[in-house]
Amino acid sequence: MTSWRALLVTTFCLAAAAPAALGQSLSTRGGLPAARDLARHGLVLDWHNHATMNPQRDRVAHVSSDESALYVQASVGIISAFDIETGAKKWAIQLGRRDRASHPAVSNDELVIVSSGMQLYALDKQTGNSTWTIQLPAHPATSPAIDDERIYIGALDGSMYAFDLKKIDRLYDEQRLPQWSHQTIAWRYQADGEITTPPVLSGRVVNFATRRGSLYSVGVTDRRLMFQFLTDRPVAAPMAASGRILLLASEDFTIYGLDIETGRVIWEFVTGLPIRRKPAVVDDDVFVNPTRGGLHSLKTATGRRNWWNPDVTRFLAATTSTVFASDDSGNVVLLSRETGRRTGSLPLREYDVRYSNDRTDRLFLATESGRVICIHEAGREFPLFHRFPDKKPILPDFEPEPAEQ
């Protein structure tokens with residue numbers, strides 16, 4: 001890491017060490033939801049903070065998360081990481097040149113991976129320190145995906161690349177990156193057009209789709225084509241997976257539930273409008289947002305519709321009893337998860353950067369200038385993990401105090 005980047009990370013980490021002071025300065029600026037308005041709906045403002053950026057010039061480009069951190073990427077290339085439980089800023093760093101095209105960050109237990117311009121950056125998840133950088137052979141079209149052995153990323157020219165993590169680590173140790181980046185390529189697969197979906201991994205296969213409406217499933221080790229599935233229109237929405245079911249939403253007005261290993265159609269549901277947003281899987285339900293078509297709640301295993309609310313425009317998060325969504329006016333709408341009936345509304349139009357969170361029950365909202373807030377149900381101090389329940393922290397058991405004699 002260059003010295004100026006190290007100084008940047010150090011400075012931001014020192015600032016993060018005093019989140020209370022930062023929170024006090026933010027609370028005097030106004031614009032935060034009032035506690036009484038949230039309490040009326042059984043909600044609390046858990047934390048608020050601000051991404052590192054110049055609000056006079058920059059804007060929030062991407063928001064993403066995992067089970068431990070929220071990542072906010074500014075248009076100039078600065079990425080800020082926040083602890084999802086406390087809101088403390090863990091680190092922030094400038095990646096690449098300012099104003100380069102980027103895609104939402106992804107992560108595993110150790111690394112945060114970001115594509116910016118023609119570079120792929122790996123950061124230490126805990127410190128934000130730059131681990132390695134490789135030069136990409138083609139312009140990336142989507143965010144990457146990562147498993148224990150490879151990183152996969154699709155390109156605008158229809159190429160899907162797999163990069164060998166062991167080779168990356170070896171060349172990094174030998175100080176031969178990014179100059180020898182071409183040696184880190186494990187394989188390349190050529191599809192029929194621009195790849196439009198981030199790769200979805202399932203053990204032995206990697207799945208991705210193209211603007212021409214083709215879904216490809218290829219072997220992670222040998223790039224052998226396992227199956228190909230064709231739709232009638234382009235695939236623009238990222239895919240989702242739940243167990244063995246791959247959820248493919250197409251602009252042919254249909255969401256398909258496919259066997260992720262074989263491509264067999266398990267079910268399909270016709271919405272009547274093109275689908276350009278990622279389906280959100282929460283437990284046994286999948287939430288589908290057709291363009292100008294409201295919000296559908298379906299059973300993930302069968303595709304049977306639980307309910308349809310035509311008045312909301314985007315899924316935001318879900319608890320065991322409530323679904324958070326947006327409406328045309330920019331309000332955050334509360335829906336009954338069982339029936340889809342509207343139960344409340346929060347006028348939070350200022351927070352117009354809306355992140356669809358299918359990982360936890362936390363509602364994350366941001367302004368374009370970088371203010372971030374986290375809202376959750378009152379009484380639920382720890383996040384409810386939807387996608388990976390096993391990542392829930394183990395809490396100590398306390399023996400009850402003996403009754404007084």
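## Helix H4 and its two faces

A residue counts as buried when its relative accessible area is under 20%, and as exposed when that area is over 50%. With that in hand, look at helix H4 in this predicted model. The face of H4 turned away from its buried side carries Lys166 and Asp173, both exposed. On the buried side you'll find Leu165, Ile168 and Leu171. Those buried residues cover an arc of only 130 degrees around the axis, so they sit on the same side of H4. That spacing fits a general point: an α-helix has 3.6 residues a turn, so residues three or four places apart point the same way.

What do the buried residues of H4 pack against? Their partners are strands: E9 (130-135), E10 (145-146), E11 (150-154) and E12 (159-164).

## Getting into and out of H4

Both ends of H4 are worth a click. At the start of H4, a side-chain oxygen of Asp164 comes to within 2.9 Å of the backbone nitrogen of Lys166. Lys166 is also one of the exposed residues on the face turned away from the buried side.

After H4 comes Gln175, with a positive phi near 60 degrees. Then look at Pro178, in the loop that runs between helix H4 (165-173) and strand E13 (185-190). The peptide bond leading from Leu177 into Pro178 is cis, with omega near 5 degrees.

## Two more positive phi values

Asp283 and Arg292 deserve a look on your Ramachandran plot. Phi of Asp283 is near 55 degrees, positive although the residue is not glycine. Asp283 belongs to the loop between strand E22 (280-282) and strand E23 (285-288), and is partly exposed at a relative accessible area of 40%.

Arg292 also has a phi near 55 degrees, again a positive value in a residue other than glycine. You'll find Arg292 in the loop between E23 and strand E24 (295-299). Is Arg292 buried or exposed? With a relative accessible area of 74%, Arg292 is exposed, because the cut-off for that word is over 50%.

## The E26–E27 hairpin

Strand E26 (residues 312-318) is largely enclosed by the rest of the structure, because 5 of its 7 residues are buried. A hairpin takes the chain from E26 to E27 through 3 residues. E26 and strand E27 (residues 322-327) then pair antiparallel over 5 bridges, with Ala318 standing opposite Val323 in E27.

## Val332 and its neighbours

Val332 is found in strand E28 (residues 332-336). How buried is Val332? Its relative accessible area is 0%, so Val332 falls under the 20% cut-off for buried.

Leaving aside neighbours within four places in sequence, Val332 is in contact with a list of residues including Leu316, Phe324, Ala325, Leu346, Arg354, Leu363 and Leu365. Gly344 is also among the contacts of Val332. Val332 and Gly344 are 12 residues apart in sequence, with 8.6 Å between their C-alpha atoms.

## An open four-stranded sheet

One more element to trace is an open sheet of 4 strands in the order E1-E32-E31-E30, with antiparallel pairing. Strands E1 (43-50) and E30 (353-354) stand at the edges; each has a single partner strand, so one side of each has no neighbour in the sheet.

At the E30 edge, 2 bridges join E30 to strand E31 (residues 363-366), and the two run antiparallel. To find the register, note that Val353 stands opposite Ala366 in E31.

How values were computed
Residues are numbered from 1 along each chain as its sequence is written. This is a predicted model: local features need pLDDT of at least 70, side-chain atom pairs count only at pLDDT 80 or more; totals for chains, interfaces and linings use all residues. Side-chain values use heavy atoms; hydrogens and water are left out. Buried means under 20% relative accessible area, exposed over 50%, partly exposed in between (1.4 Å probe, protein chains only). Two strands pair if DSSP finds at least two bridges between them. The arc is that of the directions from the helix axis to the C-beta atoms. Contact means heavy atoms within 4.5 Å. A polar contact is a pair of N or O atoms within 3.5 Å; within protein, one must be able to donate a hydrogen and the other to accept it, and residues adjacent in sequence count only if both atoms are side-chain atoms.
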